[in-house]
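Morning, everyone. Please have the sequence and the model open. I'll walk through a few spots.

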Amino acid sequence: MRRCLLAAIVFLVFGGTATAQEWAKRMFEVTSHDFGVVARGANAEFRFAFENPYVEDVHVESVHSTCHCTVPEIVQPLVKTYERSEIVARLDTRRFYGRREATIRVKFDKPFPAEVQLHVYSYIRSDVVLEPGTVRLGSVAQGTPQRQKVTVSYAGRSDWEILDVESARPFLSAKAVPVSRAGGQVIYDLWVELASNAPAGYLKDHLMLVTNDRNPAAKRVPVPVEGIIVPQLSARPSPLDFGTLRSGQSVTRSLIVQGKAPFSITRIYTSDTRFSFRVSEATRPVHQVPVTFTAGSAAEEIDSVIRVETNLGGGEALDVRVVAQVAPAEPVMPTNGEASSDEPAPGAEPAVQSVEPSVGEPNQSAGWHAPAK
């Protein structure tokens, strides 16, 4: 149920300014973030997410930071009901170092004036520098390993070492290789590797350097990692929605299957035999597959999976979710006080229903369909 801002109006009239700000603060998931220890030159940011649960539109008039070490940005100033936005807080790790605190003032002018304060804490090390500040993997085809290098420089103790590199992702690893050590300056090459089993999607994470620093709070230094793992095979729309059908109604929707290289569809199937397909044997980077669903007699919600198998990359396959709603059958109302009947009138010829053969009739195995010749 949508909330209204009646409570906020009451606060404005009766509750005082401080209490009246609560409607805005309640939109935020968190209002503070501690970056911990950050290397100099590292790209560090945090996104304060908020959602508008109210009927009225919410508008952010401005965002300001009390410290130039933190640069704030509003992603979407006008936020409608149930929409989400973010306040991005970015650390300037090149011009500032040491312990830093910043308060980001988020001012709203609609539907009522209000201010929310977001707090950011960090300790930017001046003795550890990353170049570049983020491991940028770029766009990587799924199934393809990737390797990138970051230089880690330290100025201070000549016996400073990187003991280990920790990763929370099993497909992301790194190795620190010593390059030079002289005059209190230590340089490592950090080789970051993305394994071939990395899942498709946007990757934004970090590795953790474990050092022999004498300060327990500074022993661990994060290294940001970003990249996009592009799937070899994708389908749209997903899910494939057939909408609401009547009993016995057939509806056809187009499924677009796209690959990183030309391919052919070797098999497409589902355990639900009410689905049928028409597939070409052609080899191309994009296939348009007509999918037909024929509703049964029972009212139900359909939530099934179609599997598409290809010859891409030695047998790349993907599952596509399909949904539909079968409406209850409408009762047949009697006319002129007579009961309805499906029986033919006396002396009349029985009706003959013409059934067109469907394209791509199901094979003997579990309702899968081979490409049409």
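Let me start with a question: what is the torsion about the S-S bond of Cys67 and Cys69, and is the disulfide right-handed or left-handed? Keep in mind that this is a predicted model. The torsion is about 135°, so the disulfide is right-handed. The bond joins Cys67 to Cys69, with an S to S distance of 2.4 Å. The cut-off for calling a disulfide is 2.5 Å between the sulfur atoms. By that rule the count comes to 1 disulfide. As a reminder, a disulfide is a covalent bond between the sulfur atoms of two cysteines.

Are these two cysteines buried or exposed? Cys67 has a relative accessible area of 15%, so Cys67 is buried. Cys69 is at 1%, so Cys69 is buried as well. The limit for buried is under 20%.

Now the overall picture. The protein has 3 helices and 24 strands. It has 373 residues, and buried residues make up 37% of them. The accessible surface comes to about 20,800 Å². Carbon and sulfur atoms account for 50% of that surface. Then the contacts. Take those between residues at least 6 apart in sequence: 66% of them join residues at least 24 apart.

On to the sheets. A general point to begin with: strands of a sheet pair through backbone hydrogen bonds, either parallel or antiparallel.

One open sheet has 4 strands, in the order S9-S15-S14-S11, with mixed pairing. Which strands stand at the edges? They are strand S9, residues 135-141, and strand S11, residues 162-166. Each has a single partner strand, so one side of each is left without a neighbour in the sheet. Neighbouring strands here are turned by 25° against each other on average, direction ignored.

Look inside that sheet. Strand S14 covers residues 201-211, and strand S15 covers residues 220-230. The two pair in the antiparallel sense over 10 bridges. If you want one bridge to find on screen, take Met208: its partner in S15 is Pro222.

Another open sheet also has 4 strands, in the order S16-S18-S21-S20. The pairing there is antiparallel. Strand S16, residues 233-236, and S20 are the edge strands, and each pairs on one side only. The twist averages 25° from one strand to the next. S16 is joined by 4 bridges to strand S18, residues 250-263, and the two run antiparallel. Again, one bridge to find: Arg236 has Ile256 as its partner in S18.

Two loop residues to finish. Where is Asp272? It is in the loop between strand S19, residues 265-269, and strand S20, residues 275-277. We have just met S20 as an edge strand. Is Asp272 buried or exposed? Its relative accessibility is 12%, so Asp272 counts as buried. Leaving out residues up to four places away in sequence, Asp272 touches Ile302 and Ser304.

The other one is Pro111. It is found in the loop between strand S7, residues 98-110, and strand S8, residues 114-131. Pro111 has a relative accessible area of 24%, so Pro111 is partly exposed. Its C-alpha atom is separated by 5.8 Å from that of Val58, and the two residues are 53 apart along the chain.

That's the tour. Questions, please.

Key: Residues numbered from 1 in each chain as written. Predicted model: local features only at pLDDT ≥ 70, side-chain atom pairs only at ≥ 80, totals over all residues. Heavy atoms only, no water. Buried < 20%, exposed > 50% of the residue type's maximum accessible area, 1.4 Å probe, protein only. Pairing = 2+ DSSP bridges. Axes fitted to C-alpha atoms, helices over the stretch in contact; angles between N-to-C directions. Contact = heavy atoms within 4.5 Å. Areas by Shrake-Rupley, 256 points an atom, 1.4 Å probe, with all protein chains shown as cover.
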